[in-house]
Amino acid sequence: MRLYTSELVKKYKARTVVDHVSIDVNQGEIVGLLGPNGAGKTTAFNVISGFYNPQEGDILFKGHSVKGFPPHRICRAGMARTFQNIRLWKSQTVFDNVLIAKHCRTHTNFLSATFRLNRKEEAEQRRNVEELLETVGLLDVKDELATSLPYGKQRRLEIAR
């Protein structure tokens, strides 16, 4: 099990927006959250990814509670989210968009990055970016600018990123 939420509740004053939501997502699964406008889907994602704290329930990721963790700590643990609006670096290539997003997974410091003492890690990240682009079907357009892609491919790039 990679992600499990248990009875999440998020309220704004007297209004309950997320009402005892439990989700179980295993590694490699792709799941969706469906509902009409105003049903609390985005709020549920914001709670799970650390942008909001739930009033009740728990969020387990890789077997550990991440309830109350800020988004950057949850991201560092390996969970990230995309947004409804696409947030790509438009002046960068498809490849560079994913590579730049991997900065939170590096183990180098300023000095080693400045003098490129991290070549082994950099090569591994580049291999990983190519694997991600292949997974989402964008390896053939890796050198194109993000803005040149049609919307559907930009969305896939956002997911890889």
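A salt bridge is a side-chain nitrogen of Lys or Arg within 4 Å of a carboxyl oxygen of Asp or Glu. Keep that rule in mind for the first stop. The model on your screen is predicted.

**Stop 1: Lys142 and Glu130**

Select lysine 142 and glutamate 130. Their side chains meet in a salt bridge, at 2.7 Å from N to O. Now look at where each partner sits. Lysine 142 is in the loop between helix 5 and helix 6, while glutamate 130 is in helix 5. The two are 12 residues apart, and the pair links distant parts of the chain. Lysine 142 is partly exposed, with a relative accessible area of 23%. Glutamate 130 is also partly exposed, at 31%.

**Stop 2: the other salt bridges**

How many salt bridges does a search of the whole structure find? It finds 4. Stay in helix 5 and select arginine 126 and glutamate 122. Their side chains form a salt bridge of 3.6 Å, N to O. The two residues are 4 apart in helix 5, so about one helical turn separates them. A general rule helps here. An α-helix has 3.6 residues a turn, so residues three or four places apart point the same way. Arginine 126 is partly exposed, with a relative accessible area of 36%.

Next, go to arginine 161 and glutamate 158. Here the closest N and O atoms of the salt bridge are 3.0 Å apart. Is glutamate 158 buried or exposed? Its relative accessibility is 1%, so glutamate 158 counts as buried. Arginine 161, at 28%, counts as partly exposed.

**Stop 3: the whole chain**

Zoom out and switch to a cartoon view. You should find 6 helices and 4 strands. Trace the chain along its sequence and the pattern reads β-β-α-β-β-α-α-α-α-α. The chain has 161 residues, and 31% of them count as buried. About 10400 Å² of the chain is exposed, and carbon and sulfur atoms supply 54% of that area. Consider contacts between residues at least 6 apart in sequence: 58% of them join residues at least 24 apart.

**Stop 4: the largest nonpolar core**

Select Val94, Val98, Val129, Leu133, Leu138 and Leu157. The largest nonpolar core has 15 residues, and these six touch the most other members. Which elements give two or more residues to this core? They are helix 3 (94–101), helix 5 (119–135) and helix 6 (151–160). Helix 3 gives the largest share, 4 residues.

Now pick valine 129. Set aside its neighbours within four places in sequence. Valine 129 is then in contact with Phe95, Val98, Leu99 and Lys102. Another core lies apart from this one. That second core has 13 residues, among them Val18, Ala44, Ile59 and Met79.

**Stop 5: helix 3**

Colour helix 3 on its own. Why is helix 3 described as largely enclosed by the rest of the structure? Because 6 of its 8 residues are buried. Select them: Val94, Phe95, Asn97, Val98, Leu99 and Ala101. Helix 5 and helix 6 are among what covers these buried residues.

**Stop 6: Gln154**

Move to helix 6 and select glutamine 154. Its relative accessible area is 15%, so glutamine 154 is buried; the cut-off for buried is under 20%. Which residues does glutamine 154 contact, leaving aside its neighbours within four places in sequence? They are Ile86, Leu88, Ala146, Thr147 and Leu149.

**Stop 7: a pair of tyrosines**

Finish with the aromatic rings. The count comes to 1 aromatic pair. Tyrosine 12 and tyrosine 52 form this pair, and its geometry is edge-to-face. The centres are 6.2 Å apart, with 90° between the planes. Tyrosine 12 lies in strand 1 (residues 3–12). Tyrosine 52 is in the loop between helix 1 (41–48) and strand 3 (56–61). The pair therefore ties together parts that are 40 residues apart in sequence.

Both rings belong to partly exposed residues: tyrosine 12 has a relative accessibility of 36%, and tyrosine 52 has 31%. Now add Phe51 to the selection and show the surface. Tyr12, Phe51 and Tyr52 make a nonpolar surface patch of about 280 Å².

Note on methods. Residues numbered from 1 in each chain as written. Predicted model: local features only at pLDDT ≥ 70, side-chain atom pairs only at ≥ 80, totals over all residues. Heavy atoms only, no water. Core = buried A, V, L, I, M, F, W, Y, C linked by side-chain atoms within 4.5 Å. Buried < 20%, exposed > 50% of the residue type's maximum accessible area, 1.4 Å probe, protein only. Contact = heavy atoms within 4.5 Å. Patch = residues over 30% accessible without salt bridge, like charges linked within 9 Å, V, L, I, M, F, W, Y side chains within 5 Å. Areas by Shrake-Rupley, 256 points an atom, 1.4 Å probe, with all protein chains shown as cover. Phe/Tyr/Trp six-rings, centres within 6.5 Å; stacked < 30°, edge-to-face > 60°.
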